[in-house]
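Colleague: I should be grateful for a close look at one part of this model, namely the surroundings of a single aromatic residue in the core. Please describe what packs there, and then how the charged and aromatic pairs are arranged.

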Amino acid sequence: MDPKPRLACQQCKKRKIRCDKGTPCSACRRGGLSCHAIQRARLPRGRTARARGANTNIETRIARIEDLLEDYNEKHALQLQASTHAEKHLVHNGTASAGPISNARMDDFVAPDFWRLLSEEVSGLRETLESGNEDEDSPKTEPTPEPNDATSRAGATLFRHAHPTSNASFDMPSPAVQKTLLEIYRYRVESVYKVFHWPTVLRLFEQNQQPKQSPVPVRTLQYSILFMTFCSITNEEAIAQDLGDRMKMLQLYQSATEDMLARSQLLSVPDLITLQAFVIYLNALRTCSNSATTWTLTAIAVRASTALRLSDELASNASPLDRELRRRLLYAIGILDSHASMDRGTVPMLPLSAFQSPPLDMNDSDLLSTSNVPAVLSHGFTDMTHTRLVYAAMIFQRKCYELSLNADGKNWSHWPKMLAALDDFEQHVENDLHRLKDVPGPLARFHNGAGPRILVTMQLLLRRPPYRPSSNIVPPWDDMNILEAATSVLEEHLKPTSADLAPWAWNSWIQWHALAVVLSELLVQPVGSLSDRAYAAAKEGFSSYITIIADGDSGLLWQPIARLMHRVQRLRKPPLQEALPHDAPPNTAPALPNGTLPQEASGDFETFPFDTWDTQLDDASLFTNPGFQSYERLDNVHATEDTQWLAWNCFLQDLNFPGA
């Protein structure tokens with residue numbers, strides 16, 4: 001007896017789209033959904049025969065329409081070529097006119113794309129009719145068609161290594177090497193930046209062992225994970241594990257990922273798997289190059305998430321796995337958005353309202369496609385624990401920004417709300433420390449150490465936002481020692497990473513914000529014991545970060561920091577230090593007439609060795625605009641309670657309007 005035939009899956013029936021009846025089907029693979037197959041006996045023959053007979057006339061008419069459109073397209077192509085040739089000839093001979101060519105007909109000016117799209121729609125209708133009856137046997141189609149040239153060209157404009165017109169071929173590593181790389185990715189990346197349900201990823205890769213026969217989204221995901229994996233290891237680690245030369249592998253898999261992204265339909269019809277791959281690619285790009293390109297391309301990820309409506313919850317009958325995958329991807333884009341905005345000193349693009357339902361704190365093993373969410377979630381260290389800490393920081397950052405929009409510098413009603421948001425995040429950190437303090441293993445130690453560091457950073461961001469508010473958001477009674485806090489953050493991040501925590505060293509964030517806060521505070525209190533300690537940390541951080549800071553080549557971020565450093569050095573000239581009595585209390589500034597602020601010194605003196613940078617810098621290159629006025633207000637005011645905020649505001653002025 002024949003086995004029961006495989007019919008359209010539940011997802012395709014629900015979405016009313018064609019199912020190729022694969023395992024899983026291509027529609028579910030493209031959408032990142034769980035494919036639930038249906039197998040049952042055929043319907044009665046009479047019903048099938050009647051349905052087939054009813055379609056015969058429609059199929060005949062479609063065939064005639066297709067023939068007519070094909071004939072018209074060929075005819076139109078010949079006319080268009082002749083018309084174009086004639087127009088070029090007239091322009092070449094200087095006789096072109098603004099009016100239409102005399103022998104042109106109206107149908108010559110109908111966009112050929114219209115007819116091409118109409119032909120495709122008719123062709124798709126034919127395929128639907130041929131396989132519309134679930135009980136008929138039909139051959140399986142290719143899972144994901146290659147995009148047209150226009151889509152590829154659009155993708156190539158964004159990805160510098162993509163060559164859509166070439167037949168570039170990128171081979172996957174051997175199964176043994178691929179297994180090693182996937183294990184590295186899961187341990188180093190997935191543990192702190194959770195995007196996937198890992199068993200689903202492994203199953204997807206197992207079903208697509210031949211890259212050239214795999215759908216474009218799957219290939220894109222494979223290459224993006226390999227690219228990120230090599231970003232997370234050192235060259236010594238790559239050689240020791242026989243993985244090849246790290247730099248060559250980075251170039252190979254970056255090119256492969258970009259080639260696949262250019263071939264995908266990310267820019268026109270994004271799907272869940274391609275968007276996952278794109279987010280991993282952006283994270284790798286930010287990790288390896290610290291390029292402002294990540295900041296720019298993050299906007300595409302945000303738009304794609306909107307197109308997929310990731311902020312909207314799925315229907316109640318959707319599987320828990322599908323729901324969690326969408327949540328994890330949305331929040332991963334939110335983290336990327338926050339990090340990219342911090343890299344450039346801008347506000348995040350995704351609003352707070354986009355994040356309503358955070359992913360659950362649970363292990364992948366507890367989340368299966370056919371199971372319900374466990375009634376009691378784990379209270380220990382889970383696959384999501386560290387990523388949820390980063391979620392909480394991301395949400396706090398957005399709350400601060402939106403609350404700051406209501407600040408006017410006079411009414412401080414926003415401040416208690418900001419402190420309440422900070423208390424919520426602090427409570428999250430303290431809860432983690434309490435329940436996970438005895439959890440063994442390096443990942444738990446990394447997490448427990450990261451929490452307090454992130455908390456101090458959030459306290460700084462609250463008082464010194466990286467974007468420029470319309471007015472001072474910090475009330476005069478706030479007593480936090482910002483210089484000491486910023487110095488501590490800088491010193492902590494400059495410490496060498498211990499060997500057991502090295503697997504997550506890639507996840508460190510360049511602390512340009514803490515460096516800028518230290519320097520801006522030194523504009524107001526340039527000398528003293530705390531200032532000396534802060535200046536020492538600033539010099540070390542300046543040397544470490546300046547060559548790898550985001551957008552280092554164009555200088556949109558680092559040149560304002562360099563001008564800030566230059567100004568601090570001029571304030572800390574020896575005569576100013578000698579004006580301080582030997583028995584003065586720690587961090588006491590020298591007495592200045594009329595309560596004025598320290599002024600920049602004139603004349604030449606030794607400063608930080610700018611000539612050791614990749615780019616030679618001096619006064620002429622730092623201050624290209626002779627009318628540079630970013631710090632003019634700070635030079636012309638007496639010392640007040642708002643002076644520290646004014647110094648930071650002057651830096652943000654220079655950051656947003658460089659050299660103005």
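Modeller: The account below begins with the core and then follows the rings and charges outward.

The model is a predicted one. Its largest nonpolar core has 75 residues, and Phe196 is among those with the most contacts inside it, together with Tyr193, Ile225, Leu275, Phe278 and Ile333. Helix α11, residues 272-289, supplies the largest share of this core, with 11 residues. In soluble globular proteins, nonpolar side chains tend to be buried together. A second, separate core of 62 residues includes Leu462, Leu494, Trp558 and Phe651.

Phe196 is a suitable residue on which to centre the description. When neighbours within four places in sequence are left aside, Phe196 is in contact with Tyr185, Val201, Leu221, Ile225, Ile280 and Leu325, and also with Glu190, Gln276, Arg328 and Asp364. Three of the residues in that list, Glu190, Arg328 and Asp364, recur in a network of salt bridges that also includes Lys194. Side chains of opposite charge can pair when their charged atoms come close.

The aromatic side of this region is equally well defined by its pairs. Ring pairs join Phe196 with Tyr185 and Trp198 in a cluster. A search of the whole structure finds 15 aromatic pairs. In one of them, the ring centres of Tyr185 and Trp198 are 5.6 Å apart and the planes lie at 15 degrees, so this pair is stacked. Tyr185 belongs to helix α6 (residues 175-190) and Trp198 to helix α7, so the pair ties together parts that are 13 residues apart in sequence. Both Tyr185 and Trp198 are buried.

A pair elsewhere offers another geometry. The rings of Tyr401 and Tyr467 have centres 5.1 Å apart and planes at 85 degrees, so the pair is edge-to-face. Tyr401 is in helix α14 (residues 385-404), whereas Tyr467 is in the loop between α16 and α17, 66 residues apart. Tyr401 is partly exposed, with a relative accessible area of 23%, and Tyr467 is buried, at 11%. A charge also sits over a ring: Arg344 lies over the face of Trp295, 4.5 Å from the ring centre.

Beyond the network at Phe196, the charged pairs can be followed one at a time. The whole structure contains 20 salt bridges. Arg263 forms one of these with Asp259, with the closest N and O atoms 2.7 Å apart. The two residues are 4 apart in helix α10 (residues 246-263), and Arg263 and Asp259 are therefore separated by about one helical turn. Arg263 and Asp259 are both buried.

Arg309 and Asp312 also meet in a salt bridge, at 2.7 Å from N to O. Here Arg309 counts as exposed, at 53% relative accessibility, and Asp312 as partly exposed, at 33%. In a further salt bridge, the side chains of Arg323 and Glu313 meet at 3.7 Å, N to O. This pair links helix α13 (residues 320-344), which holds Arg323, to the loop between α12 and α13, which holds Glu313, across 10 residues. Arg323 counts as buried, at 17% relative accessibility, while Glu313 is partly exposed, at 37%.

To return to the starting point, Phe196 combines contacts to nonpolar and charged residues with a place in the cluster of Tyr185 and Trp198.

Terms used:
Residues are numbered from 1 along each chain as its sequence is written. This is a predicted model: local features need pLDDT of at least 70, side-chain atom pairs count only at pLDDT 80 or more; totals for chains, interfaces and linings use all residues. Side-chain values use heavy atoms; hydrogens and water are left out. A nonpolar core is a set of buried Ala, Val, Leu, Ile, Met, Phe, Trp, Tyr and Cys residues joined through side-chain atoms within 4.5 Å. Buried means under 20% relative accessible area, exposed over 50%, partly exposed in between (1.4 Å probe, protein chains only). Contact means heavy atoms within 4.5 Å. A salt bridge is a side-chain nitrogen of Lys or Arg within 4 Å of a carboxyl oxygen of Asp or Glu. Rings of Phe, Tyr and Trp (its six-membered ring) pair if their centres lie within 6.5 Å; planes under 30 degrees apart count as stacked, over 60 as edge-to-face and the rest as tilted. A charge sits over a ring if NZ of Lys or CZ of Arg is within 6 Å of the ring centre and within 35 degrees of the ring normal.
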